[in-house]
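Dear colleague,

I am passing on a structure for you to look over, with my notes on it underneath. Please read the notes with the coordinates open beside them.

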Amino acid sequence: MLRVVSDVLTEADAQQVTLLGLLDLSAAFDCVDHQLLLHRLHRDFGLTDTVLNWVTPFVTGRSQQVVCNGLLSTIQYLQFGVPQGSVLGPILFVMYTAELRHVVAQHDLKFHQYADDCQIYVSTLVNAVHSAIDRFSCCLEDAEAWMTASRLRLNASKQDAGDMARLTT
């Protein structure tokens with residue numbers, strides 16, 4: 001976030017305003033599709049053979065079971081999610097979402113990500129703000145479409161609060 005603040009302050013010194021979108025994902029680490037992750041690791045990062053064979057059992061073949069009042073539920077095998085609390089979990093998530101950077105770049109906007117915290121922003125002169133708003137809106141639509149295709153969800157409750165703030169300012 002320090003980089004984003006630095007960029008915003010630098011642009012303000014240059015008499016520019018910045019539009020900033022903070023993307024809050026719901027249960028982001030739990031929504032990672034195992035097969036899609038493995039496909040992206042192979043296609044986008046060139047993981048093959050030994051490395052891919054090492055990563056595959058780390059993310060697949062996981063199960064969960066619940067105990068309630070001393071009774072065990074049936075074992076459920078997970079098709080989604082990366083292990084939280086591990087060193088690899090956030091790294092795999094960033095690799096899973098790496099394409100989002102390209103979606104944002106197509107609109108000539110800036111993107112910053114730290115694990116599941118994503119910021120999209122653009123700075124512009126005040127007299128060009130309407131054009132920047134249009135680009136920003138199109139970018140957010142494309143980013144949301146990409147997230148939906150990647151089985152990720154924006155946090156609707158925080159998105160609605162943002163919409164309310166925008167309406168009141």
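The notes below go from the whole chain to the sheet, then to two of the helices, and end with some individual residues.

Please keep in mind throughout that this is a predicted model. The secondary structure of the protein chain comes to seven helices and seven strands, and read along the sequence these follow the pattern α-β-α-α-β-β-β-β-α-α-β-β-α-α. Taken along the principal axes, the C-alpha atoms fill a box of roughly 60 × 45 × 25 Å. The protein chain has 169 residues, of which 35% count as buried, and it exposes about 10,500 Å², with carbon and sulfur atoms supplying 57% of that area. Among the contacts between residues at least 6 apart in sequence, 66% join residues that are at least 24 apart.

The sheet

Three strands form an open sheet in the order E1-E7-E6, and their pairing is antiparallel. E1 and E6 are the edge strands, each of them pairing on one side only, and neighbouring strands of this sheet are turned by 20° against each other on average, with direction ignored. The pairing of E6 with E7 is antiparallel and runs over five bridges; histidine 112 stands opposite glutamine 119 in E7.

Helix H1

Helix H1 takes in residues 2-13, and its 12 residues should span 16 Å at 1.5 Å a residue; the C-alpha atoms at its ends are 17 Å apart, which agrees. Which residues of H1 are buried? They are Val4, Asp7 and Glu11, and because these fall within an arc of 65° when seen down the axis of H1, they line one face of the helix. The general background is that an α-helix has 3.6 residues a turn, so residues three or four places apart point the same way. On the other side of H1, Leu2, Leu9 and Asp13 are exposed. The buried residues of H1 pack against E1, strand E6 (110-114) and strand E7 (117-125), and E1, E7 and E6 are the strands of the open sheet described above. H1 is followed by glutamine 15, whose phi is positive, near 65°.

Helix H6

Helix H6 (residues 129-149) has 21 residues and reaches 30 Å from its first C-alpha to its last, close to the 30 Å expected at 1.5 Å a residue. Its buried residues are Val129, Ala132, Phe136, Cys139, Ala143, Trp146 and Met147, and they cover an arc of only 100° around the axis, which puts them on the same side of H6. The other side of H6 has His130, Asp134, Glu141, Thr148 and Ala149 as exposed residues. What covers the buried residues of H6 includes E1 and E7, together with H2, helix H4 (88-96) and helix H5 (99-105). Just after H6, arginine 151 takes a positive phi of about 65°.

A buried loop residue

Is threonine 97, which is found in the loop between H4 and H5, buried or exposed? Its relative accessibility is 2%, and because buried means under 20%, threonine 97 counts as buried. Leaving aside its neighbours within four places in sequence, threonine 97 is in contact with Gln113, Trp146 and Leu152; of these, Trp146 is one of the buried residues of H6.

Positive phi values in loops

Most residues other than glycine have a negative phi, and with that in mind two loop positions may be worth a look. Alanine 27 has a phi near 45°, a positive value in a residue other than glycine. Its place is in the loop between strand E1 (16-24) and helix H2 (34-45), where alanine 27 is partly exposed, with a relative accessible area of 38%. Asparagine 69 is likewise not a glycine and has a positive phi of about 55°. It lies in the loop between strand E3 (67-68) and strand E4 (71-72), and at 76% relative accessibility asparagine 69 counts as exposed.

With best wishes

Definitions and conventions: Residues numbered from 1 in each chain as written. Predicted model: local features only at pLDDT ≥ 70, side-chain atom pairs only at ≥ 80, totals over all residues. Heavy atoms only, no water. Helix = DSSP H or I, 4+ residues; strand = E, 2+ residues; numbered from the N terminus. Buried < 20%, exposed > 50% of the residue type's maximum accessible area, 1.4 Å probe, protein only. Expected span 1.5 Å × (residues − 1). Arc of directions from axis to C-beta. Contact = heavy atoms within 4.5 Å. Pairing = 2+ DSSP bridges. Axes fitted to C-alpha atoms, helices over the stretch in contact; angles between N-to-C directions. Areas by Shrake-Rupley, 256 points an atom, 1.4 Å probe, with all protein chains shown as cover.
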